[in-house]
Amino acid sequence: MVGASISPQEFEEKIKQATIKLLMAAAVYLPRDVKNALEEAYKKEKGELQKKMLRAILDNLEIAEKEKRPLCQDTGAILFYVKVGEKFPYMGSLPRILREATAKATELIPLRPNVVDVITGKNTGNNVGNYLPWIDWEVVPNSDEAEITVMLKGGGSEAVSMMKVLTPAEGLEGALKAAIDTAFDAGPRTCPPNIIALGIGATGEIAVKMAKRGLLRPVGERHPDPKIAEIEKKLLDAVNSLGWGVHGTGSGPTALDVHIEIAERHPATYAISVMVFCWAARRATMKITADGKVTYPSHSFLEEEV
Amino acid sequence: MAEYNLRTPVSEEEVRKLSIGDIVYLTGTVYTLRDAGHKRALELIARGEKLPVDFRGMAIYHMGPIVKKKDGEWEIVSAGPTTSTRIEAYEYDFIEKSGVRIIIGKGGMGKRTAEACKKFGAVYTIFTGGAGALGAKAIQRITGVHWLDLGVPEAIWVMEVKEFGPLFVIIDSKGNNYYEQIKEKVEQNLKEAYAKLKL
């Protein structure tokens with residue numbers, strides 16, 4: 001048991017080690033909800049070719065877990081979503097700890113070095129650079145805990161991301177059309193079946209943030225507002241009626257799920273963003289209490305081994 | 001849908017037998033080559049300089065691996081394909097000038113690549129995107145690496161593979177592009193998708 005007597009250095013080291021494990025969890029073990037959806041798709045699939053592809057996907061997950069190797073070689077842009085309680089004792093140290101843990105995890109797991117200088121094209125070699133890993137903050141009042149979710153966002157699916165500020169006249173219809181068009185244009189490139197998220201808000205960055213939040217929501221979970229949940233179901237059905245299918249081969253699901261996240265808008269704007277996650281939708285979450293207890297709600301089976 | 005076990009180097013005759021929808025398991029030497037590698041290879045060829053490896057009859061893989069060094073030897077940890085569409089700009093010229101026979105990637109390639117496959121005798125195949133652990137399993141060892149200055153993902157990794165697959169033939173050497181055929185259907189479905197949402 002870790003008590004209040006733990007020193008600041010020990011606590012920081014503990015967060016660092018826990019973050020390395022979090023990155024390993026994300027890279028190696030696909031979240032249960034995504035895996036279930038892929039297994040379901042495999043069971044239902046009638047196409048010979050598509051069945052073989054889905055089998056390859058499931059075999060791949062098994063090998064990754066058994067050998068503790070990253071299931072996909074593109075371990076992505078590393079994106080941390082931090083919800084930190086205002087009273088969490090090590091809030092100020094988190095950026096440094098997350099960067100150190102990322103560099104160490106890159107060497108240990110290992111991850112692919114994916115941080116490239118925009119001007120020179122040089123790879124930093126350790127997944128750390130300007131604004132990478134990316135850290136998204138949310139401060140939680142009256143809490144002394146921290147919840148950190150990591151998303152490993154592959155380049156292939158990020159390449160089709162879009163953000164546009166529509167006119168209010170274009171509105172929801174324009175937003176839904178953009179989601180359909182994005183899936184249509186993406187075709188086989190985004191490693192379908194995908195998770196597709198539509199974000200709506202007042203400005204470009206709000207829409208993008210809403211869409212990313214949509215990608216973080218588990219497959220099969222509907223929006224709490226029944227009106228939006230209903231639109232999600234219709235949009236999922238419409239995306240799947242396109243018929244791109246597994247890896248764009250014409251059979252099986254194009255999307256495993258569609259999520260919509262909304263913020264309020266400005267009277268003159270209707271900003272939208274569409275984001276796509278490949279079937280290798282890698283994310284993992286950990287919680288740290290103020291006395292240093294670490295849990296992994298998304299990968300609770302990892303809590304046994306420390 | 002026929003299944004083939006091929007060994008590199010492959011002959012033009014072997015490659016011309018393949019049709020879209022066929023499945024290939026590949027054994028022998030495979031070179032990784034992505035955007036930056038294609039660009040550099042074509043620049044060297046244009047200047048009349050020698051390439052570090054001979055691509056004639058061989059297979060290239062659009063892939064940037066995760067690697068680690070163990071006891072001084074490189075080891076592949078995860079090795080799934082990258083999106084080939086980015087490489088479309090280079091592939092016609094590369095097929096023509098390098099003599100490569102099998103291209104492995106994911107996500108599809110365009111008209112120019114299909115033209116080159118027909119004209120010079122090559123195929124474009126896909127390995128299941130995202131299946132990095134499965135891909136690594138087929139790689140027996142790394143026998144060399146070139147152009148590491150381009151970074152780990154973009155270097156040329158020389159790999160010995162055993163029964164690497166399933167690889168699905170998407171572009172054959174007869175002018176067929178599987179994805180173009182699917183796309184025609186999806187284009188027809190687009191109206192229906194809009195209609196479902198009353199757009």
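Guide: Let's start with a term we will need: two strands pair if DSSP finds at least two bridges between them. The model above is predicted.

Visitor: What makes strand β4 (residues 162–166) of chain A a partner of strand β7 (residues 270–277) of chain A?

Guide: Pairing takes at least two bridges, and 5 bridges join β4(A) to β7(A). That meets the condition, and the two strands run antiparallel. To find a spot where they face each other, look for Leu166(A), which stands opposite Tyr270(A) in β7(A).

Visitor: How do you know that strand β5 (residues 194–201) of chain A pairs with β7(A) too?

Guide: The same rule of at least two bridges applies. There are 7 bridges between β5(A) and β7(A), and the pairing is in the antiparallel sense. One place to look is Ala197(A), whose bridge partner in β7(A) is Met275(A).

Visitor: Why is β7(A) called largely enclosed?

Guide: A residue counts as buried if 20 or more other C-beta atoms lie within 10 Å of its own. In β7(A), 8 of the 8 residues are buried, so the strand is largely enclosed by the rest of the structure. In a regular strand the side chains alternate between the two faces of the sheet. Here, Tyr270(A), Ile272(A), Val274(A) and Val276(A) point one way, while Ala271(A), Ser273(A), Met275(A) and Phe277(A) point the other way; all are buried.

Visitor: Now the helices. Why are helix α8 (residues 226–241) of chain A and helix α6 (residues 178–196) of chain B called roughly antiparallel?

Guide: Their axes come within 8 Å and cross at roughly 170°. Angles over 145 degrees count as roughly antiparallel, so α8(A) is roughly antiparallel to α6(B). Among the residues making the contact are Lys234(A) and Asp237(A) of α8(A) and Glu192(B) and Lys196(B) of α6(B). The contact residues divide into 2 nonpolar, 2 polar and 4 charged.

Visitor: And inside chain A, which kinds of residue make up the contact of α6(A) with α8(A)?

Guide: Helix α6 (residues 171–186) of chain A and α8(A) have axes that come within 10 Å and cross at roughly 30°. Leu176(A), Ala179(A), Ile180(A) and Ala183(A) of α6(A) meet Leu235(A), Ala238(A) and Val239(A) of α8(A). Leu, Ala, Ile and Val are among the types counted as nonpolar, and the tally is 7 nonpolar, no polar and no charged.

Visitor: How many residues of each chain are in contact?

Guide: 49 residues of chain A are in contact with 44 residues of chain B. On the side of chain A that touches chain B, α3(A) supplies the largest share, 11 residues.

How values were computed: Residues numbered from 1 in each chain as written. Chains lettered and ligands numbered in written order. Predicted model: local features only at pLDDT ≥ 70, side-chain atom pairs only at ≥ 80, totals over all residues. Axes fitted to C-alpha atoms, helices over the stretch in contact; angles between N-to-C directions. Helix = DSSP H or I, 4+ residues; strand = E, 2+ residues; numbered from the N terminus. Contact = placed C-beta atoms within 7 Å. Parallel < 35°, antiparallel > 145°, perpendicular 65-115°, else oblique. Buried ≥ 20, exposed ≤ 12 C-beta atoms within 10 Å, placed from the backbone.
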